[in-house]
Amino acid sequence: MDVKITPRRLSGVVTPPPSKSLAHRWILAAALAAGTSTIKNVAFSEDIEATLRCMRALGAQWEAGENGLRITGIGGDRHPFGDLPRFDCGESGSTLRFLIPLALTVDQGGVFTGRGRLMERPQQPYFDLFDQKGIAYSQEDGLLTVQGSLSPGEYRLPGNVSSQFFTGLLMALPLLEGPSLVLSTTKLESASYTSMTMGVLERCGIRVRWSPRLNGFGVEPGVYSPFEETVEADWSQAAFWYAAVSLGSNLRLRGLNGRSSQGDAAVMGHAKKLALTGEVKINLSDCPDLLPPLAVIAAVRRGTTHFTHAARLRLKESDRLTTVSQMLRALGGAVSEEEDGLTVYGVSTLPGGTVDGAGDHRIVMAAAVAASRCQGPVTICGAEAVKKSYPNFWRDYESLGGAVHVL
């Protein structure tokens with residue numbers, strides 16, 4: 001689906017969708033619990049549907065109703081060895097990386113598949129562990145097969161690739177019969193995401209402790225307790241509306257938790273920095289997903305903005321360092337691309353133009369927000385990509401006064 005946007009400032013009240021990152025974790029915890037849990041305020045984006053699909057393959061049952069999502073967990077039961085289950089992870093990196101250790105713990109392995117660039121995204125931290133632990137794995141023709149069992153002990157992996165590997169292990173290792181250590185061999189980036197994981201685990205009665213001395217986590221064996229929780233609003237998606245405000249729209253955001261464990265709540269502080277004139281540097285090591293909306297703000301500010309420590313964005317749904325650069329240039333912005341970041345040179349106006357959404361939900365939403373500040377129309381190709389994380393984005397955009405025409 002391609003859309004054409006007639007530039008117009010946005011106005012009104014908007015509630016961002018529920019946090020996708022938290023919903024993934026609550027769903028996995030419920031699927032592992034001994035009993036039935038209820039999760040309220042879940043948005044059925046493509047990524048969340050992928051996780052729910054995989055929970056069924058893992059043996060959990062769920063149903064969606066007026067009172068929320070009810071999930072009956074497997075109670076941490078380990079299945080007898082048999083045919084490996086198949087997990088269709090869609091295009092969700094979180095689903096894939098969270099599920100790999102769980103499949104090894106519950107089913108002695110699994111066969112994983114996905115769409116888009118998912119199966120190209122790096123899994124080397126797991127593969128290195130598997131080589132050490134004697135776990136078999138193979139990857140060919142878009143399928144990743146892992147077979148074997150995790151055992152209590154020490155797990156060392158780099159912390160500068162993705163925190164998702166840590167979350168996967170932190171959720172799986174409590175199911176084992178003894179304690180384990182998960183140690184980072186580098187500075188742990190995106191640490192806020194592992195803090196989020198620890199909060200969910202604590203709510204479910206699982207003991208995980210962070211040790212600054214060890215630069216890692218101590219994990220105790222335990223049984224997941226069922227729970228009832230409501231998913232808070234998503235700061236990752238709210239960031240796009242923050243960008244719209246910075247570009248001159250009159251919006252009020254509601255439903256957000258100002259004390260959230262979500263790392264992308266950092267958008268508040270970064271937006272304030274970008275409101276200043278002159279040269280600004282923003283380190284994205286703990287919030288890389290904020291680059292698209294922050295880059296849009298930077299495109300029209302008075303000054304130069306350096307975004308650094310963002311090399312991991314090359315391994316997302318698109319190479320976001322390249323696709324953000326292409327988006328800004330297509331709209332008339334000025335940007336240079338570095339190995340691990342971008343430098344954006346503020347311009348007084350954005351003429352508008354045609355943007356390739358690159359199959360990336362965050363590129364599409366960033367371009368739509370940028371359109372509110374452009375002088376001429378903006379065409380976005382592949383606008384349906386928003387379904388991955390924010391299915392109602394276009395409905396919300398139009399409700400705020402956005403003029404969107406489907407081509």
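This text walks through the strands, helices and selected residues of a predicted model.

Start with the open sheet of four strands. Its order is β20-β21-β1-β22, and the pairing is mixed. β20 (353–356) and β22 (403–406) form the edges. Each has a single partner strand, so one side of each lacks a neighbour in the sheet. From one strand to the next, the twist averages 20°.

Now look inside that sheet. Strand β1 covers residues 3–6, and strand β21 covers residues 378–381. The two run antiparallel and are joined by three bridges. K4 has T379 of β21 as its bridge partner. Helix α11 (residues 361–371) packs on this sheet. The helix touches β1, β20 and β21. Its direction makes about 170° with that of β21.

Move next to strand β10 (residues 154–157). In a regular strand, side chains alternate between the two faces of the sheet. Strand β10 shows the alternation residue by residue. Y155 and L157 point to one face and are buried. E154 and R156 point to the other face and are not buried. β10 pairs with strand β11 (residues 180–184) in the parallel sense, over four bridges. Across that pairing, L157 stands opposite S184 of β11. Helix α5 (residues 164–172) completes a β-α-β unit with β10 and β11, and the unit is right-handed.

A crossover of this kind also involves strands β16 and β17. β16 spans residues 280–283 and β17 spans residues 304–308. They pair in the parallel sense over four bridges. N283 has T308 of β17 as its bridge partner. From β16 the chain passes through helix α9 (residues 291–299) to reach β17, in a right-handed β-α-β crossover.

β17 has a further pairing, with strand β19 (residues 342–345). Here the sense is antiparallel, again over four bridges. F307 is matched with L342 of β19 as its bridge partner.

Two residues help to place this region. Take A334 first, which lies in strand β18 (residues 334–337). Is A334 buried or partly exposed? Its relative accessibility is 28%, so A334 counts as partly exposed. Leaving out neighbours within four places in sequence, A334 is in contact with T343, V344, Y345 and V347. T304 is 30 residues away from A334 along the chain, and their C-alpha atoms are separated by 9.9 Å.

H270 is the other residue. H270 sits in helix α8 (residues 267–274). Its relative accessible area is 13%, which is under the 20% cut-off, so H270 is buried. Not counting residues up to four places away in sequence, H270 touches I282, N283, C287, L290 and L294. N283 has already appeared, as the bridge partner of T308 in β17.

The last stop is a pair of helices. Two packed helices are described by the angle between their axes and the distance between the axes. For helix α1 (residues 20–32) and helix α6 (residues 191–203), the axes come within 10 Å and cross at roughly 35°. The crossing of α1 past α6 is right-handed. On the α1 side, the contact is made by S21, L22, R25, W26 and A29. On the α6 side, Y193, M196, T197, V200 and R203 take part. What kinds of residue make up the contact of α1 with α6? Six are nonpolar, two are polar and two are charged.

Notes: Residues numbered from 1 in each chain as written. Predicted model: local features only at pLDDT ≥ 70, side-chain atom pairs only at ≥ 80, totals over all residues. Heavy atoms only, no water. Pairing = 2+ DSSP bridges. Right-handed = clockwise from strand over helix to strand, strands pointing away. Axes fitted to C-alpha atoms, helices over the stretch in contact; angles between N-to-C directions. Contact = heavy atoms within 4.5 Å. Left-handed = near helix turned anticlockwise from the far one by under 90°. Nonpolar A, V, L, I, M, F, W, Y, C, P; charged D, E, K, R; others polar. Buried < 20%, exposed > 50% of the residue type's maximum accessible area, 1.4 Å probe, protein only.
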